[in-house]
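Please work through the following exercises with the sequence and the three-dimensional structure at hand. Attempt each task before reading its solution.

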Amino acid sequence: MFILWLRHIVKRAAFRSYSLLTVLLRLVRHCQSILNGKEEDFRERPGGLALSSQPGTNLNQPDSEPAPPVSLAVPLLEAPLQSLHSQGSRPQMDTQHLQMIPGLHGGSNDAAFNADFPSNSSAPLMSNSVLELSIPQNNIQITMPSPLAAQGQTFDVTLIPIIPRQINRYRRNVRVTTEFKVFLVQKGPLDCSEELYPIAGWEPLTQPEGALIFYHPYKRVFTDADARDPKTAAKLATAVEKAYKGACNADIFLHPSVELVLEFMMQAGKETWGYYFVDHKRRVIFWFEDYKSYPLMDGVRGVERKSHIKYALETQYWTHIELFPNRRSLPEDVAMELKELVMYTQADSITSATSLTRFTSDKIASMLSLIDLLKDSTHKECEHSVWIAARFMKNFCSTKFMNFCGQPSARLDVDQSLYGESDASKSMLFRAMNVILFGSPDAQSRAFHKILVDQNIVDARWKQYIDKLNSDWNGYTIFSTVMLAVDISFLAVPSIETQTPATLLSYMSTLCVMGSLIVTLLLVGHVNKSLRGSLTDGVSFLIGMTGSLLGLESFPFMLSLPFGLLIWGIVFFAAALSVVIFRTSGIAIISIAYPTWVAIVILAMWSVLAANRIHVGSLLRRWLRIRYRNTSQFIAYLWNRIIEQVSPTATTPSHV
């Protein structure tokens, strides 16, 4: 009886507990749907802050993850407006951040800006004198003077268009004090948040390479200028306002994800600010005025189409991402696109000897293994991964621009010239020296111009070319040393002292061999250091060579000297040996040595002529063909003349 009663009590308690939990669960779901509905209404409210560049998520599903980024744009901020609603009417809110909130400060500039740009734009204008923040929801009005406007200081800022390549980050040479002083570390854990706290809206960031950059999250502006200086911050504010006003006056629609970059510059002793806008959707940079940029062209001639210059603008886009990778997330499609490019480059370099890639096979393999690791960094705020992807993409886009990718005249082989440049520009002096040095300058010139195509040098082929030169120089050194020992030993023979021509020729051979050895050592010791460095050092060396007598052909001529002098040393030694043989030997030895010597000379000359693309057989056949044609024409002419003379005599009637 007790057991039945206890079972009944347990059943009733379980049923009531289940009913109560069901009611509570429904109440929680109802409250959650109401909260989600309010948040969705807040996101769709017009006239608010700029929304994130990321696509929205399904807010009715609390467990859904945020959508991944679709571009490399820095996400737009929503927190400031949410904090205003959450703080209510508290007057002690952060006014320093409020003055930078887009769309909340008044003034005629904002009216003009908002007339052409959406209300959620993150690129507003700011008045230089007074910033009035009106928040009707909380009935709070805050008026803050600009720091330097209160002192009556104004700045006239001049904006000039630039490209990311012109940002002078790597050549600023900011000096550090030479005085050694021990830094006092205060007690307790080190707290450097005061130095990293945003000043006047500018947030200090550290680029992966170590450079200090500043970012304004509400105006979406990057700069290398030190925004912690009040005067510099005021100039930046004026430059930002002028840049956005210029875009407004030019009727250029600015997407909320567009970024602005400012660079302090000195031109002819005058302060100027370089600027450019960044469009992440099209992956280009742009300006609010027409602009011709020589640095943008990168020395490429014949650019005539927008579809071609787009690759130059995209190269500068990736340069911008490389300079300012902070606060960005790497999209998965960018990582996949980069992997596809690297895999294609590796396959092309393996299967083609004239691949357009500027990387060696080892570097491509390293790049591919590194890109595989980028998969773990996608959809995360990892500036180092963004920097890696931007550096590689910049190189690929630059290669496409230089090779006229997508154009009718696209370069498909690395040694293909697009401008039809030939060897007709070689001077008579070079041609004469080519004959004197047994065709070595021309051979070196052909090999050099396979590396230097249309004034461009491919890094991978350049290194292979330098490695081959070093191998050749090592061989010349060995041969010159051997020939020098042979000449000295030849002169030590007692019977040579009475042979004046042989002695003279032996001296000439020794001098030529010594010249070959000295030039080779100089090339290895000095020129090789300039060529073995970076590609920029090699180009600088070649540019210096253009000022010489032979122009750019001076470089292959200089490389041909060790071989040419060594050959002349061997020729003079052979002549000295021939003098000794033919002047001191009997008729039997001369009868054997003479035909042998003639055969050696013929074979040696054959190889020299073949190396210079001169073939005796084809020349002989051509000569015989011409002689045969001339003889045939002469015989035909003679036969026609005979017929003409005979025909009138045969047809004239006889008179009786």
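The exercises below concern one helix and several salt bridges in a predicted model.

**Exercise 1. One helix and its surroundings**

Task: Determine which residues of helix α16 are buried, and explain how they are arranged around the helix axis.

Solution:
Step 1. Helix α16 covers residues 535-545, and its buried residues are Gly538, Leu542 and Met545.
Step 2. Viewed down the axis of α16, these buried residues fall within an arc of 50°, so they line one face of the helix.
Step 3. Thr536, Ile543 and Gly544 are exposed on the other side of α16.
Step 4. The cover over the buried residues of α16 includes helices α13 (440-451), α14 (459-491), α15 (500-532) and α17 (554-584), together with strand β11 (456-457).

**Exercise 2. A salt bridge between two loops**

Task: Locate Arg411 and Asp454, and explain what their salt bridge ties together.

Solution:
Step 1. The side chains of Arg411 and Asp454 form a salt bridge, with a distance of 2.6 Å from N to O.
Step 2. Arg411 lies in the loop between α11 (383-402) and α12 (428-436), whereas Asp454 lies in the loop between β10 (452-453) and β11; the pair therefore ties together parts that are 43 residues apart in sequence.
Step 3. Arg411 and Asp454 are both buried.

**Exercise 3. Salt bridges within a helix**

Task: For the pair Asp442 and Arg446, state where the two residues lie and classify each as buried, partly exposed or exposed. Then do likewise for Asp472 and Lys468.

Solution:
Step 1. The side chains of Asp442 and Arg446 meet in a salt bridge of 2.4 Å, N to O.
Step 2. Both residues belong to helix α13 and are four residues apart, about one turn of the helix.
Step 3. A residue is buried if its relative accessible area is under 20%, and exposed if it is over 50%. Asp442, at 17%, is therefore buried, while Arg446, at 23%, is partly exposed.
Step 4. The side chains of Asp472 and Lys468 also meet in a salt bridge, at 3.1 Å from N to O.
Step 5. Asp472 and Lys468 lie in helix α14, four residues apart, about one turn of the helix.
Step 6. Asp472 has 23% relative accessibility and so counts as partly exposed; Lys468 has 52% and so counts as exposed.

**Exercise 4. The whole structure**

Task: State how many salt bridges a search of the whole structure finds, and name the residues that shared partners join into one network.

Solution:
Step 1. The search of the whole structure finds 21 salt bridges.
Step 2. Arg169, Arg172, Asp224 and Glu263 are joined into one network by salt bridges that share partners.

Technical notes. Residues numbered from 1 in each chain as written. Predicted model: local features only at pLDDT ≥ 70, side-chain atom pairs only at ≥ 80, totals over all residues. Heavy atoms only, no water. Buried < 20%, exposed > 50% of the residue type's maximum accessible area, 1.4 Å probe, protein only. Arc of directions from axis to C-beta. Contact = heavy atoms within 4.5 Å. Salt bridge = Lys/Arg side-chain N within 4 Å of Asp/Glu carboxyl O.
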